Amino acid sequence: MTGFMGTGKTEVGKILSQKLGFVLIDADSEIEREQKTTITDIFNRLGEDAFRDMESAMIKRLSVLKKAVLSTGGGAVLRAENMDALKKDWIIVCLEATPETILRRTSISKNRPLLEVADPLQKIRELYDFRKPYYEKADIIINTDDVGPLQVAEEIIKAVKNR
Ligand code: S3P
């Protein structure tokens with residue numbers, strides 16, 4: 001699963017993996033486990049580029065898994081090497097939502113270093129505009145604005161079956 005921060009990858013991923021009987025893996029959580037620290041700390045101490053290198057290495061490593069739902073961080077789509085690693089054997093599902101929905105969902109937690117700015121809505125709009133063509137490379141795109149995670153998971157299963 002790909003998609004901007006706050007589009008529901010974590011919640012949907014939990015339900016989807018249960019429904020499919022697949023293992024759920026979150027690339028960011030795996031990085032945090034490996035580095036023994038938080039994504040925010042990695043951004044603050046080492047910078048975004050270092051995080052992106054860790055993210056690419058992790059995605060390549062996880063891409064060999066089978067029968068899994070893999071949730072990737074919102075910026076994982078930006079590097080072609082990440083998408084190339086996933087395109088071969090995975091169905092790439094992108095979750096989308098409006099900047100307003102994303103702001104509402106992400107303002108609850110403080111673990112999004114890229115949104116720790118004076119005007120997070122403006123930042124979300126800028127990042128989303130830039131990333132849109134990357135998200136559109138997914139095999140399936142599902143809007144999550146007014147839809148709960150259960151319904152999104154069901155829509156994904158239906159869309160995968162209809163491919
Ligand atoms: C990022 C999204 C985050 C995390 C990091 C960078 C991004 O993951 O990888 O903070 O660039 O959009 P989530 O999409 O799971 O919040």
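Here are some friendly notes on this predicted model, starting with the ligand site and moving on to individual residues.

1. The ligand is a good place to begin. The ligand sits in the largest pocket, and the elements that give two or more residues to the shell around it are α3 and α4. If you are setting up a view of the site, those two helices, α3 (39-46) and α4 (48-62), make handy landmarks.

2. Which residues are closest to the ligand? Of the 14 residues that surround it, the closest are Lys9, Asp28, Arg52, Arg112 and Arg131. By class, the shell divides into six nonpolar, three polar and five charged residues.

3. Three of these side chains come with distances that you may like to check on screen. An N or O atom in the side chain of lysine 9 is 2.5 Å from an oxygen atom of the ligand. For arginine 52 the corresponding separation from a ligand oxygen is 2.6 Å, and for aspartate 28 it is 2.7 Å. Taken alone, the ligand exposes 380 Å², and the protein buries 94% of that.

4. Two lysines deserve a look at their backbone. Most residues other than glycine have a negative phi. Lysine 36, however, has a positive phi, near 55 degrees, and lysine 67 also has a positive value, near 45 degrees.

5. Where do these two lysines lie? Lysine 36 is in the loop between α2 (27-35) and α3 (39-46), while lysine 67 is in the loop between α4 (48-62) and β3 (68-71). Lysine 36 counts as exposed because its relative accessibility is 75%, above the cut-off of 50%. Lysine 67 counts as exposed too, because its value is 62%.

6. Next comes helix α6 (residues 99-106), which holds threonine 101 and isoleucine 102. Is threonine 101 buried or exposed? At 7% relative accessibility, threonine 101 counts as buried, since buried means under 20%. Isoleucine 102 is buried as well, with a relative accessible area of 0%.

7. Both of these α6 residues can be tied to another part of the chain. The side chain of threonine 101 makes a polar contact of 3.0 Å with the side chain of threonine 98. For isoleucine 102, the partner is threonine 2: the two residues are 100 residues apart along the chain, and their C-alpha atoms are separated by 14 Å.

8. Valine 93 belongs to strand β4 (residues 93-96). With a relative accessible area of 5%, valine 93 is buried. What separates its C-alpha atom from that of alanine 138? The distance is 5.7 Å, although the pair is 45 residues apart along the chain.

9. Strand β5 (residues 140-143) contains isoleucine 141. This residue is partly exposed, because its relative accessible area is 39%, which falls between the 20% and 50% cut-offs. Isoleucine 141 and isoleucine 156 are 15 residues apart in sequence, and their C-alpha atoms are 8.7 Å apart in space.

10. Phenylalanine 22 closes the list. The loop that holds phenylalanine 22 runs between α1 (9-20) and β2 (23-26), and the residue is partly exposed, with a relative accessible area of 27%. The C-alpha atom of phenylalanine 22 is separated by 31 Å from that of isoleucine 124, which is 102 residues away along the chain.

Methods: Residues numbered from 1 in each chain as written. Predicted model: local features only at pLDDT ≥ 70, side-chain atom pairs only at ≥ 80, totals over all residues. Heavy atoms only, no water. Helix = DSSP H or I, 4+ residues; strand = E, 2+ residues; numbered from the N terminus. Buried < 20%, exposed > 50% of the residue type's maximum accessible area, 1.4 Å probe, protein only. Near = heavy atom within 4 Å. Polar contact = N/O pair within 3.5 Å; in protein donor to acceptor, adjacent residues only side chain to side chain. Areas by Shrake-Rupley, 256 points an atom, 1.4 Å probe, with all protein chains shown as cover. 1 Å grid on protein atoms, 1.4 Å probe; cavity = no way out; pocket = protein on both sides within 12 Å on 5 of 7 lines; lining within 4 Å. Sits in = over half its atoms within 2 Å of the grid points. Nonpolar A, V, L, I, M, F, W, Y, C, P; charged D, E, K, R; others polar.
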